[in-house]
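Here is a short tour of the fold, meant to be read with the viewer open. It goes from the overall picture to ring pairs, helix packing and a couple of single residues.

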Amino acid sequence: MDKIYLGIATAFFLGGFVYSIIALRSGRFRVSGLNLAAMLAGLVFQTLFLGERGRVHHACPVTTGVEMLVFIAWAMVIIYLLLGPTYRLSLLGVFTSPLVFFFQIAALLSPFDRDAAIAAAAEKGPLDAVLEAHIALALIAYGAFAMAFIAGIMFLVQDHYLKKGKLNGLFYHLPPIRNLSRALVLLIVVGFVLLSGAIGSAYAIEGAAGTAKLFIMHGMWFLYAALLGVQFTRGLPSAQFARFAILSFAVPMVSLYFVR
């Protein structure tokens with residue numbers, strides 16, 4: 001059932017994205033209940049997928065890189081649904097859907113040996129609540145950084161239109177550039193706070209201190225701390241902050257290979 005749940009979720013996200021692109025190309029894009037319904041339905045089936053994998057593993061369903069990608073995509077959708085109405089970022093869903101779709105396609109195409117996973121879960125010890133919290137905090141932080149990556153792209157697109165004076169149909173569907181700038185900073189702050197919690201909880205896990213995984217997470221922490229430190233002390237031009245947010249996201253993505 002897990003693959004079925006994931007396939008249905010992927011179909012909903014793809015459907016919402018295709019609908020939005022068609023509406024944009026026709027010049028009649030507007031905030032629609034269909035977009036929100038597709039995102040909500042996709043989230044429901046993502047949750048069912050993660051719940052099914054969690055029952056198999058008897059733990060947080062992030063035992064493989066693919067499951068981590070789905071968990072990050074799940075966090076991205078939740079953050080989008082919480083952030084969108086506040087900052088009127090309706091078009092953020094159009095930019096978010098391709099990345100979520102890519103993560104989920106990778107999961108759909110990957111092999112999964114259910115019997116082997118059940119056998120491995122039976123051999124493990126009791127559930128470690130601190131470890132589960134550590135993993136969840138870290139991956140939700142990755143989701144926030146992913147949304148900052150998308151918001152940064154949206155900001156640079158709108159900034160380009162403004163500088164070139166090309167105020168076409170897409171421009172008028174983008175959120176106010178000031179709202180985008182505030183949302184971008186907020187997403188980085190949220191991701192940074194969650195990452196700090198993940199690092200703090202790691203020190204309560206036996207054998208975690210001094211590992212390569214924790215070293216990489218510290219590197220990410222210092223990268224985003226430096227970005228926010230400069231932003232709040234000296235201030236960065238919004239376009240420059242957006243570029244740094246986009247480039248910085250490469251670090252969490254590459255680190256997934258090492259923190260599995």
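## Contacts and overall make-up

Start with how the chain touches itself. Among contacts in the protein with a separation of 6 or more, 79% are between residues 24 or more positions apart. Keep in mind that this is a predicted model.

On secondary structure, the count is 11 helices and zero strands. Read from the N terminus, the order is simply α-α-α-α-α-α-α-α-α-α-α. The protein has 260 residues, and 48% of them count as buried. As for the outside, the accessible surface is about 12700 Å², and carbon and sulfur atoms hold 69% of that.

## Aromatic pairs

How many aromatic pairs does the structure hold? The tally is eight. One of them is Tyr5 with Phe45, a tilted pair with 6.4 Å centre to centre and 40° between the planes. The two partners come from distant parts of the chain: Tyr5 belongs to helix H1 (residues 2–26) and Phe45 to helix H2 (residues 33–57), 40 residues apart. Are these two buried or partly exposed? Tyr5 has a relative accessible area of 17%, so it falls under the 20% cut-off and is buried. Phe45, at 21%, is partly exposed because the cut-off for buried is under 20%. Phe12 joins in as well, since Tyr5, Phe12 and Phe45 make up one aromatic cluster.

Phe145 and Tyr224 are another pair, this one stacked, with 3.8 Å centre to centre and 0° between the planes. Phe145 sits in helix H6 (residues 129–164) and Tyr224 in helix H9 (residues 212–233), so this pair ties together parts 79 residues apart in sequence. Both partners are buried: Phe145 has a relative accessible area of 1%, and Tyr224 has 0%.

## How H6, H8 and H10 pack

Now for three helices that pack against one another in pairs: H6 with H8, H8 with H10, and H6 with H10. A quick reminder before the numbers: two packed helices are described by the angle between their axes and the distance between the axes.

Take H6 and H8 to begin with. Their axes are 8 Å apart, at an angle of about 160°. Angles over 145 degrees count as roughly antiparallel, so that is the label for H6 and H8. The crossing of these two helices is left-handed.

Next come helix H8 (residues 177–202) and helix H10 (residues 238–248), with an angle of about 40° and axes 10 Å apart. H8 and H10 are therefore oblique to each other. Again the crossing is left-handed. On the H8 side the contact is made by Ser181, Leu184, Val185 and Ile188, and on the H10 side by Ser238, Phe241, Ala242 and Ala245.

That leaves H6 and H10, whose axes come within 8 Å and cross at roughly 140°. This angle makes H6 oblique to H10. H6 passes H10 in a left-handed crossing too. The contact residues of H6 are Ala148, Phe149, Gly152, Ile153, Phe155, Leu156 and Asp159, while H10 brings Ser238, Ala239, Ala242, Arg243, Ala245 and Ile246.

## Two residues of H2

Helix H2 has a couple of residues to click on. Where does Arg53 lie? It is in helix H2. With a relative accessibility of 3%, Arg53 counts as buried, because buried means under 20%. Which residues is Arg53 in contact with, leaving aside its neighbours within four places in sequence? The partners are Asp2, Lys3, Pro61, Glu67 and Phe112.

Thr47 lies in helix H2 as well. At 38% relative accessibility, Thr47 counts as partly exposed. If you want a distance to check in the viewer, try Thr47 and Val70: C-alpha to C-alpha, they are 9.7 Å apart in space, with their positions 23 residues apart in sequence.

How values were computed
Residues numbered from 1 in each chain as written. Predicted model: local features only at pLDDT ≥ 70, side-chain atom pairs only at ≥ 80, totals over all residues. Heavy atoms only, no water. Helix = DSSP H or I, 4+ residues; strand = E, 2+ residues; numbered from the N terminus. Buried < 20%, exposed > 50% of the residue type's maximum accessible area, 1.4 Å probe, protein only. Contact = heavy atoms within 4.5 Å. Areas by Shrake-Rupley, 256 points an atom, 1.4 Å probe, with all protein chains shown as cover. Phe/Tyr/Trp six-rings, centres within 6.5 Å; stacked < 30°, edge-to-face > 60°. Axes fitted to C-alpha atoms, helices over the stretch in contact; angles between N-to-C directions. Parallel < 35°, antiparallel > 145°, perpendicular 65-115°, else oblique. Left-handed = near helix turned anticlockwise from the far one by under 90°.
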